[in-house]
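Biologist: I have a protein chain to look at and some terms I want justified. Please take me through them.

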Amino acid sequence: MKKLVIFLAVLFVSVMSSACINNFAIQELNIKAKEYLDKGDYDEAIKRLESSVDLDGSIFETRYNLAVAYINKEEYAKAANQLSEAAALNPSNPDVYYTLGVAYEGEADSKLIKKVQDDSFESTTENSEKEDGTFGSGIFLNAKDAEFAVIKLDEAIKAYQKYLEMTKKTDDIEKVQEHIKELEEDKAAYIKEAEAALETDDLNPMQGD
């Protein structure tokens, strides 16, 4: 998986851009959460944004910023859930699909066994030999994890394609198109790895439990 952090850096929607936030408590929570997000204190931001959602789950910016905070905490499934809700609230916002792609990528990457500092860890797959300086390389523990990663990469690709259909940010188009190609390559490699892992699982049925 490449460029996840680089892509995420361009994402943020101000909580104050919505038409009106009538509830003072929600407004106060969102303003404070933005301050924590700006400082990189994602735990405190999440606490306030979750409280804001509990009070009123219909504010797009609250759910979007909560998803951004979750992504920075590497809680990708939670981020994807919030972004799905955000997309339902504001389906015409292209950034929500871009960020959804980031969340799905993170979910796929979370299933990898990382090669970060262990020089003795080796993989025979083409994908595991990739080095991008951010996530390291890795393999999957079993076929189930590899298949899950394939599904999530496919969802990420569709989310990025939706973003491209909607965005007016011409500077983003080329790099997102290139990133989609990279994800397609990763997905193809993961499919091969899933097949190889499935064969291993069949030979060692207790290993995948």
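Biologist: In what order do the elements of the protein chain run from the N terminus on?

Modeller: The model is predicted, and its order is α-α-α-α-α-α-β-β-α-α. That comes to eight helices and two strands.

Biologist: How do you know that the span of helix α7 is close to what is expected?

Modeller: Helix α7 covers residues 143-166, which is 24 residues. The expected span is 1.5 Å times one less than the number of residues, so 34 Å is expected for α7, and its first and last C-alpha atoms lie 35 Å apart.

Biologist: What makes the approach of N142 to K144 at the start of α7 a polar contact?

Modeller: A side-chain oxygen of N142 comes within 3.2 Å of the backbone nitrogen of K144. The cut-off for such N or O pairs is 3.5 Å, so the distance meets it.

Biologist: Which residues of α7 are called buried, and why?

Modeller: Among them are A143, D145, A146, K152, L153 and Y163. They are called buried because each has under 20% relative accessible area. Across the 209 residues of the protein chain, 45% are buried.

Biologist: Which element of the protein chain has the lowest mean pLDDT, and which the highest?

Modeller: Helix α1 (residues 4-8) is lowest at 45, and helix α5 (residues 76-89) is highest at 96. Over residues 3-11, pLDDT stays under 50, and the model gives that stretch 23 contacts beyond four places in sequence. Residues 115-136 are also below 50, with 35 contacts beyond near neighbours in sequence. For the protein chain, the mean pLDDT is 79, and 73% of residues reach 70 or more.

Methods:
Residues are numbered from 1 along each chain as its sequence is written. This is a predicted model: local features need pLDDT of at least 70, side-chain atom pairs count only at pLDDT 80 or more; totals for chains, interfaces and linings use all residues. Side-chain values use heavy atoms; hydrogens and water are left out. Helices (H or I, at least four residues) and strands (E, at least two) are DSSP runs, numbered from the N terminus. Buried means under 20% relative accessible area, exposed over 50%, partly exposed in between (1.4 Å probe, protein chains only). A polar contact is a pair of N or O atoms within 3.5 Å; within protein, one must be able to donate a hydrogen and the other to accept it, and residues adjacent in sequence count only if both atoms are side-chain atoms. pLDDT is the predictor's confidence in each residue, from 0 to 100. Contact means heavy atoms within 4.5 Å.
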